[in-house]
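Please work through the exercises below with the sequence and the coordinates at hand. Each task is followed by a solution in steps.

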Amino acid sequence: MARTALVPIADGTEEIEAACIIDTLRRAGIEVTVASVDALQVTASRGVKIVADRLIADCVARTYDCIALPGGMPGAEHLRDSAPLIAKLKEQKDAGRLYAAICASPAVVLHHHGLLKGLKATCFPAMQNQLDPKRVCRERVVVDGHCVTSQGPATAIDFALKLVELLAGTDKAKQVAQAMLVAT
């Protein structure tokens, strides 16, 4: 059975991060559902239009192997304010399933809702002061338990490949990285 991932988006989502996550996971054969917390079509942070597969409300009854949040502002704020998404993220954490966030989303969404409590994490460098100073890391991608965080657009492929590794194994991550011409 194929592994599954939910990628929530919103008006103001960072398009590079969203595209890297969605594309890389799909290259690995992971079934990705793109769900908007706004309307089906969103306008990303640089004006790119993205059309979601469905609305987040239509995803609440389904279980996903991974929920991966792109960043961007004000996209991360829209994700933070989505009650159905936050309920899914809390359920994901409580069940010990993978959840992940990049750029602004670790601070704005995960930290805000207590989903980083006791975990090492990273985020967009200008927002790292919002994280627990004893737990903040400066690495491009940080894995602590079932939580994965990353810094921003330039780390998005590394972040997505780490998700592939955790969902489909090291060999699959290396295969996808090589096909994408990513040095490993």
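**Exercise 1: A salt-bridge network**

Glu-91 counts as partly exposed because its relative accessibility is 35%; buried means under 20% relative accessible area, exposed over 50%, and partly exposed in between (1.4 Å probe, protein chains only). The model is predicted: local features need pLDDT of at least 70, side-chain atom pairs count only at pLDDT 80 or more, and totals for chains, interfaces and linings use all residues. Residues are numbered from 1 along each chain as its sequence is written, and side-chain values use heavy atoms, with hydrogens and water left out.

Task: Which residue forms a salt bridge with Lys-88?

Solution.
1. A salt bridge is a side-chain nitrogen of Lys or Arg within 4 Å of a carboxyl oxygen of Asp or Glu.
2. The partner of Lys-88 is Glu-91, with the closest N and O atoms 3.3 Å apart.
3. Both residues lie in helix H3 (residues 83-94), 3 residues apart, about one turn of the helix; helices (H or I, at least four residues) and strands (E, at least two) are DSSP runs, numbered from the N terminus.
4. Lys-88, Glu-91 and Arg-97 are joined into one network by salt bridges that share partners.
5. Lys-88 counts as buried because its relative accessibility is 2%.

**Exercise 2: Two further pairs**

Task: How far apart are the closest N and O atoms of Asp-23 and Arg-27, and of Asp-81 and Arg-80?

Solution.
1. For the salt bridge between Asp-23 and Arg-27 the distance is 2.5 Å.
2. Asp-23 and Arg-27 are separated by about one helical turn because they are 4 residues apart in helix H1 (residues 15-27).
3. Asp-23 is partly exposed at 34% relative accessibility, and Arg-27 is partly exposed at 48%.
4. For the salt bridge between Asp-81 and Arg-80 the distance is 2.8 Å.
5. Asp-81 counts as exposed, at 54% relative accessibility, whereas Arg-80 is partly exposed at 22%.
6. The count of salt bridges by this rule comes to 10.

**Exercise 3: A surface patch**

Task: Which residues form a nonpolar patch on the surface together with Leu-55?

Solution.
1. Patches are made of residues with over 30% relative accessible area and no salt bridge; like charges are joined within 9 Å, nonpolar side chains (Val, Leu, Ile, Met, Phe, Trp, Tyr) within 5 Å.
2. Leu-55 is partly exposed, at 31% relative accessibility, and belongs to strand S5 (residues 54-55).
3. The other members are Leu-40 and Val-51, and the patch has about 240 Å² of accessible area together, by the Shrake-Rupley method with a 1.4 Å probe, where for residues only the protein chains shown count as cover.
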